[in-house]
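Please read the following report alongside the sequence and the coordinates, which are shown just below.

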Amino acid sequence: MTIRTTILDQMANIAKQQHKTLQPLTDDLALLDSGLDSLCLAILVANLDDELGIDPFGSGDDVAVPATIGDFVRLYEATAVRS
Amino acid sequence: MPVARDIIAAQAAGAQASNLVDSHVPGLVAGAGGPFMRPVWVGACFGWLHTKDATTGGDVAALICPGLARDRLDAHHSLRLLADALADAGYPAMRFDYPGTGDSADLQSDGEPWQNWQRSAHAAVDWLRATTGATRVILAGLRVGATLAALAVEQRDDVAALALLAPALRGRSYIQQLQMEARLQRGEAAPRSEGLEFHEVQFDAATINRIAEVDLRELKLPPGLHVAMFMQAASKLGNDCADAWSGQGAKVFSAGFAGLEPLLRHNEETEGTPPDFSELLAWIRRTVPAKPVPLLPLAWPEESLAQLGWIETPQRFGPGDGLFGMLCRPDRPHGDMAVIIGNIGRDPHYGVARFGVEFARHLAALGIASLRIDFAGLGDSIGPPGKADVLTSMFETSRDVDISAAAAMLADIGYRRIAMQGICAGAYHTLRGALAEPRIGTLLLVNLPVFEWHAGDTVDFVYRRTMKPGRYLTRLGNIDDWKRVARGDFHVGEVIVAQSARIWQRLREGMLRLAERQGWLPPQSVGRLAMAALAQRGVRTLFLFSPDDNGIDAMEQEFGRDAVGLRGRAQVAYHIEPQLDHLLSTPAMRRAAIQIMAQFLGDWPTSGTGAAAGHGHPAGRSTR
C-alpha cells in the first residue's frame, strides 16, 4: 500500500469514526475543507505514525501544517524518503 | 434516599461572614432506577462507586480509567452508563479522576502527572477491593486510560481481565495527537522541549518523553490474563500488540468498535443513542464470572476533600435527588455569596480544560462558594423522567428546574446572594434560568450565543443566522470557496435561508427598538424582555465576549451596535476581552475571564440581594 493510499484510507476511517462527512479528496482540496476538524487531523497524524512510522512534525523543525491534501501527501512521501 | 443538608451556624445577622458547619452525609443514591452510584474520595481523587444495590459488592470489581481532554469530556456520560451496566451485571465498578483532572485535587506544583496517575490507579484498585470485597479486578480503560490500565497490570497480581477501548498503544503517537491538536488550536507549534499545555494536560518535556517511551507491544503480562481490545479500526500496531501478548500466554479477544462510537463522538446536536456495551459485557461474563458478596462494613471515607483554601463536597439535589453538583467552599469563615456554575455545552460539570474546577477554587480563594452542576442528563446527573440515560440536548432541554433546584439547595444551606455563571449554551440556560428563579441576583454570561432557541434549530443554522453578511461577502473572492460551491459542498441555499432570516429579523428588531425607545411599545424581543425583567429585580449581568464571537452579533440584533440599548443600566456590563476565544481554551484566557468575572462579583453590594450596583462596570462596550 502506498503512502498516498494509506493516508486517504486513514482519512476515510477517521471521518467515519468521528461521524464527519468527508469531501471527495483531491490534491487541491484544502485540508480544513476536507470535512475533518482539528481533532480528526490530529488523530490522522498520530495514526500515520503508528502505521507508517513517519512523523514529519516531530523532527524539532517547525514544519508547517500543509494546506492541501496534495501537500500533506507530498510531505509524508518526502519524509519517508529522508528517513 | 434523601440527602442530609449542611447545618449552618450563622453568626450575627448582617455580619459579613457566616460559619458553615459541615455535617453533610451524602448517603447512597439510586441511579436511573437501577444500580446505585455513590460519590467517593480515594485520597485526593474523586470518583464514583457503582454497585448493584446498597449492600451488595462482588468478588470481581471493575476500575474504569478515563481518557484525557476531549476523550474524557465526550466519554463521561457513556462511561457512567458503562459503570451502571457493570454494576447491574454484578461487578461493582468505579470511575475516578486522576490527580489534576476532573474533580480531583490539583497536582502539586512539583507533581509529575504520568507517575502520579499510575499511582492513583493502583490506589483506586486497592480501595475498590477493600470496599467491595473483590479479590480480583477488571481494569477497563479508554484511549490513554487504556494505556494506564495496561501499565497497571504489569505491577499487580490481582487483575483478572484487561479491557482496552480504542487504546493509545504507543505513547509517542498519542503525544503527537495532543501536540497537533494544541498546535491547530493555537495556530502555532511549540517545541517539544517546552512541554505541552492542552486542555487539562500540562506536561513538561520530561513527562512527554516518559509517555513517548510507552509501547504496549512491550507490555509484560501474566500468563492466562484475559485481554479484550476494542479497536476503532484494524491496524498493524493493534495486531502486533495482540500477537505479542498472546505470545506471553495472554488470552486476547479482538473486536471492533461497532456500537461503542458514542464513547468518542463529540455530539453537539442530537440526543443520540447510548453506546452498546453488550459485546464487552458478554466477554466479561464469559471470561471472569462474578458472584455477589456483601459490601464490607468499612467506614465510608470522608465525604469532603479539603485542600489549601477550599473544601469540596459532592451534592445530590433536585427532583428525586437526581441532580449532581460539587459544592466548593472556602476553608475559613466566609460570606453568603455562592455561584452556580453550569455546564458548558454538553460537557460535564468540571468543564473544558477543567474550567469549572479552576473557577470554583479561585472563587474559594476569594471567599466565595460555588456549586458546579450537571444539568439533568449531562455528566453525573440523571436525565429527566423517561430519559434517565439519555444525553439531553444542548439548547432544547429546559434547565429552569435544575437551576431552581441548585439555587434552592444553596439557599437551604445559608447562601443569600446567589449568582450563576455560564459559557456558551451554559450562558443561554443561565439567562433563562435566572428569569425563572428569583433567588439569582447576578449573572456571568460568557459568549452567550443566542437569546432565543426555537425547537428544531440547529447549531449550524443559528450560527449562520447570526453571522454578519460581511463574513460571507469576503469569501466571494476566494476561489476555493467557489470550487466548493461548484462541487455542491457549500450549502449556499442554507446560507441564503439563514441570512434572509437574519435580515428580516434585523429589520424587524430595528423598528421595534425604535418604537420601544419612543415609548410606543413595551420591550418586544426575547432579549430586551429578559433584560427588562431582570432589571426590575435589580439583577446584575455581565456579558463577556471574545472578539468576533457570534454572540456579539446576537447582542447587536437585540441591543444595537456596542449594546447601545443597554447603556445607562448600572447593573449591566458589556465587555469584549481581546485575548479570549469562544471556549477559553488556554490557561491565560481562563485566568483573564476568571479575573473579570471575580471583579464583577466583588462589586456586588452586601446589603440586599441584587440591589442596583451604583458602582462597578457601567453598561457600554469596554475593551482592554
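The report takes up the nonpolar cores, the contact between the chains, a group of strands in chain B, and one helix residue.

The model is predicted, and what is said here should be read with that in mind.

**Nonpolar cores**

The largest nonpolar core holds 115 residues, and L63(B), V137(B), I138(B), L139(B) and A149(B) are the members that touch the most other members. Helix α2 of chain A, which covers residues 38–52, gives the most to this core, contributing 9 residues. Because domain 1 (36–168 + 224–287) and domain 2 (171–213) of chain B both give residues to this core, the core lies between them. For I138(B), when residues up to four places away in sequence are not counted, the residues touched are V60(B), A62(B), Y91(B), A160(B), A161(B), A163(B), I284(B) and V288(B). A second core, separate from this one, has 88 residues, among them A407(B), A425(B), A434(B) and F559(B).

**Contact between the chains**

Chain A and chain B each bring 23 residues to the contact. On the side of chain A that touches chain B, the elements that give two or more residues are α1 (3–17) and α2 of chain A, and the largest share, 10 residues, comes from α2(A). Sorted by class, this side of chain A has 9 nonpolar, 8 polar and 6 charged residues.

**Strands around β12(B)**

Strand β12 of chain B, residues 226–230, is mostly covered, since 4 of its 5 residues are buried. The table lists the pairings of this strand.

| Partner of β12(B) | Sense | Bridges | Opposed residues |
|---|---|---|---|
| β9(B), residues 159–165 | parallel | 5 | A163(B) and A228(B) |
| β13(B), residues 251–255 | parallel | 5 | V252(B) and V227(B) |

Together with helix α6 of chain B, residues 236–247, the strands β12(B) and β13(B) make a right-handed β-α-β unit. A163(B), which stands opposite A228(B) in β12(B), is also one of the residues that I138(B) touches.

**A411(B) in helix α9**

Where does A411(B) have its place? This residue is in helix α9 of chain B, which spans residues 400–412. A411(B) is partly exposed because 14 other C-beta atoms lie within 10 Å, a count between the limits of 12 or fewer for exposed and 20 or more for buried. Leaving aside neighbours within four places in sequence, A411(B) is in contact with I418(B) and R439(B). A411(B) and R439(B) are 28 residues apart in sequence, while their C-alpha atoms are 8.1 Å apart in space.

Notes. Residues numbered from 1 in each chain as written. Chains lettered and ligands numbered in written order. Predicted model: local features only at pLDDT ≥ 70, side-chain atom pairs only at ≥ 80, totals over all residues. Core = buried A, V, L, I, M, F, W, Y, C linked by C-beta atoms within 7 Å. Domains from an automatic or database assignment. Contact = placed C-beta atoms within 7 Å. Nonpolar A, V, L, I, M, F, W, Y, C, P; charged D, E, K, R; others polar. Pairing = 2+ DSSP bridges. Right-handed = clockwise from strand over helix to strand, strands pointing away.
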